[in-house]
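Q: Please take a close look at a single part of this model, the contact between its two chains, and then follow the account into the strands and one residue inside a chain.

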2 protein chains.
Amino acid sequence: MQGKTEKVTPKVLSGFMELLPAEQILFNKMLDVIKQSYELFGFIPLNTPIIERAEVLLAKGGEETDRQIYRLTKGESELALRFDLTVPLARYVAQHYSDLQFPFRRYHIGKVYRGERTQRGRYREFYQCDIDIVGNGKLSIINDAEIPSVIYETFRRLGFESFTIRINNRKIFNGFFYSLGINEQATNVLRVIDKIDKVGLEEVQKELFDLGLITETVKKIIAFINIKGDNTEIINQLRNIGINNELFVEGINELESVVGMINRFGVPEANFSIDLTIARGLDYYTGTVYETVLNDYSSIGSVCSGGRYDNLAECYTDKEFPGVGISIGFTRLFSRLLEARVIKPSNSTPAQVMVIPLDNQLDKAIDIASKLRRNGISTFVYLENAKPPKMFKTADRLKIPFAVIIGGNEAAENLLSLKNMETNEQKKITVEQAIEVINKKRE
Amino acid sequence: MQGKTEKVTPKVLSGFMELLPAEQILFNKMLDVIKQSYELFGFIPLNTPIIERAEVLLAKGGEETDRQIYRLTKGESELALRFDLTVPLARYVAQHYSDLQFPFRRYHIGKVYRGERTQRGRYREFYQCDIDIVGNGKLSIINDAEIPSVIYETFRRLGFESFTIRINNRKIFNGFFYSLGINEQATNVLRVIDKIDKVGLEEVQKELFDLGLITETVKKIIAFINIKGDNTEIINQLRNIGINNELFVEGINELESVVGMINRFGVPEANFSIDLTIARGLDYYTGTVYETVLNDYSSIGSVCSGGRYDNLAECYTDKEFPGVGISIGFTRLFSRLLEARVIKPSNSTPAQVMVIPLDNQLDKAIDIASKLRRNGISTFVYLENAKPPKMFKTADRLKIPFAVIIGGNEAAENLLSLKNMETNEQKKITVEQAIEVINKKRE
């Protein structure tokens, strides 16, 4: 009935990840691990619309955001796609706070959209995995110490051992800059400081002078950058740097108490440390900030970042909601780990068994499949008319662990042949015995 | 630092569902059940981009689709949001077929977008939960009999007992219309037939004449509509209606063999039946078609529909991929079930325990929480400075099943008080004993 028509080339847009089955199964498995970790700490799942009014999403503004956001036309009010999960959280809390219990612990795993120029490892559609603890009016600093334990648990469960949660407090920076009278230049100074690993101390010093800073100020900044040691040593050096600005001291106190409590939440000393160079953007975080680095793959950059903010929903309400949270940019992380062969896809199907009917034993094969499924075993029956080698090849390529073969002989004895597809071992047993063997392998 | 600014009203767009925590948890739980059912049958999870090139999504065309689709502007090629999961599947198979194993069994649970005029129970952003079995060149009719067993398993696991999977075959309709020479008027005739439950036989007859059909034809149509009985009786009446059109007979044969096999896949007779009135759109399905009705809530309409198609990816490739699949429009189903109080939200958090520190026993409380979490128990520690009644009220409102109270007395004895929040029963026990009690309740 349909004539040959012009074909449209089947392809996805650049910057949009699409996976083949084996990779997708691994991707989902890792997302599940993150979800389970978040739930272990009592975070509540949320799911907000991907499309919101542009006015809502852009309430905070920002040139970068405005440039990257996807806008929609639909003959209605101006719409846009969310570019993170924090703005929707802010809107959600402002809208629904009277129905929520505080502190409100929520997680959100979902896709967000940013029309960035595409480059290696950057995506325009990607998953974020966020947790936030939001207080109504106030929120204890102890929450800032619990967050690293969620990061720790999550990355342990994802199979990592050697990673470092780096912690800082924005009040230290801010107080430091205020006390030097250079808070107006904070952005530029931070940009210069940020280069230290690339260009070295001397060049940084030169660039600070280029900004027009006086010798005394540059000296203090260099002294600040040079603070090193373990967590206790860093706190002590900060206290002795000769700055008495109130905010600065408050930052030190907060950092000290957070770092002092993290261990109690079960995070080993080896997995966290103070890092005074972490800033995480200038206008959002107001206290504790976090970054997380996989020590063996530090080129990936921070795999989990976040921090404390004073006022989550100020664009939508006069009520104050301070909070602390983190985010894993999972799509990029997954693609980098895959590329580095840190993770490897295996099965291409959730099926644990393929039931292969021989000698026209299809009815029997379907009976066995139903029985396996009733016992919770994911089962694929080969229903097509094909030669046995083709059926086995399909099972093999899908990396299905077991094949159940039911031919005339097996049917006559009311048995089946269970084949371990990895070892090629095959034995004639009852369906009940097969269920036992398959379940044992699953554990 | 930030002055008071104009506030943006925090609200979501109409036609977009957003849930409070307890509803969201129930929503996720039900989606999980669907996912597990689909995986039990060896379907592979896919996840394609929500944004695709408009050219790809609109390849098949259709006025309705064109009107409803969300278009995007981003200074690139024309983009749009997917409006179903079938078109992306077609594109995926056409693009990746050389990397896939056939028959390709995939499931996809994801959001789709349709800018419909909003009305009760209709959403512009909603979840579809799809499965499809796609063959390379051909696909056995037995797959059409397996699909109802997936529907059956899924709705059973969702807690339903009384539902009917209604089955038809489009070839019967098509062959019937061809043989009467009215295939050009098929759309109009079907529209009239569809009204039978509302307007009755006489009015239908009148409207058929109004379409200009001759008496002989109207008689045949009425005879066709009047076919009733159990599955075997319907098949017999179809065979005896006096139409020998090849397509018509092929349709009867297919329907007979599908219905004859469904039972073997474990679906009880009570849960499926032939229904010759099911058409499911005119230009897509070519063989078996399904609808599913919850017998006690038939006003919801079909909760799971689908069918067999000859050529999935014809817009993208010359290769032929026949397939069969179904879809659950979950967002609408959820909202209708909630409205009818068929389902009821309960817990507002995944947390099974709230640890409540009294007498400054925060350190001890954190230790206990860490231990509970290491044992897989979702735990919320109350870290805020609050009076005990407020803490208990929070636990109560979140419907957390247990509270662990750790005060000076408990700490001194190295015990804790475990309170069952439902029964208010409280006892002083060790943390190990508490873990046992909580895990027992979970099972």
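A: The account below begins with the interface and then turns to one strand and one residue.

The model is a predicted one. In it, 110 residues of chain B are in contact with 110 residues of chain A. Together the two chains bury about 9,300 Å² between them, and 57% of that area lies on carbon and sulfur atoms. Polar interactions are also found here: 36 residue pairs, both members at pLDDT 80 or more, are in polar contact between chain B and chain A. The side of chain B that touches chain A consists of 52 nonpolar, 25 polar and 33 charged residues. As to charged pairs, the rule finds 12 salt bridges across the interface of chain B and chain A. Lys35(B), for instance, forms a salt bridge with Asp32(A), with the closest N and O atoms 4.0 Å apart. Helix 1 of chain B, residues 21–40, supplies the largest share of the side of chain B that touches chain A, namely eight residues.

Strand pairing also links the two chains. Strand 3 of chain A (residues 71–73) and strand 3 of chain B (residues 71–73) run antiparallel and are joined by three bridges. Within this pairing, Leu72(A) stands opposite Leu72(B).

Strand 6 of chain B, residues 125–134, shows pairing within a chain. With strand 5 of chain B (residues 104–113) it pairs in the antiparallel sense over 10 bridges, and Arg105(B) stands opposite Ile133(B) of strand 6. Seven bridges join strand 6 of chain B to strand 11 of chain B (residues 323–329), again in an antiparallel arrangement; there Gln128(B) stands opposite Gly329(B).

The burial of this strand can be considered face by face. In a regular strand, side chains alternate between the two faces of the sheet. In strand 6 of chain B, both faces are covered: one side carries Glu125(B), Tyr127(B), Cys129(B), Ile131(B) and Ile133(B), and the other Phe126(B), Gln128(B), Asp130(B), Asp132(B) and Val134(B), all of them buried. Accordingly, 10 of the 10 residues of strand 6 of chain B are buried.

A residue of chain A completes the account. Asp144(A) lies in helix 5 of chain A, residues 142–157. Asp144(A) counts as buried because its relative accessibility is 0%, the cut-off being under 20%. The side chain of Asp144(A) makes a polar contact with the side chain of Thr288(A) at 2.6 Å. Beyond its neighbours within four places in sequence, Asp144(A) is in contact with Val258(A), Thr288(A), Tyr290(A), Arg308(A) and Val324(A).

Terms used. Residues numbered from 1 in each chain as written. Chains lettered and ligands numbered in written order. Predicted model: local features only at pLDDT ≥ 70, side-chain atom pairs only at ≥ 80, totals over all residues. Heavy atoms only, no water. Helix = DSSP H or I, 4+ residues; strand = E, 2+ residues; numbered from the N terminus. Buried < 20%, exposed > 50% of the residue type's maximum accessible area, 1.4 Å probe, protein only. Polar contact = N/O pair within 3.5 Å; in protein donor to acceptor, adjacent residues only side chain to side chain. Contact = heavy atoms within 4.5 Å. Buried area = accessible area lost by both parts, 1.4 Å probe. Salt bridge = Lys/Arg side-chain N within 4 Å of Asp/Glu carboxyl O. Nonpolar A, V, L, I, M, F, W, Y, C, P; charged D, E, K, R; others polar. Pairing = 2+ DSSP bridges.
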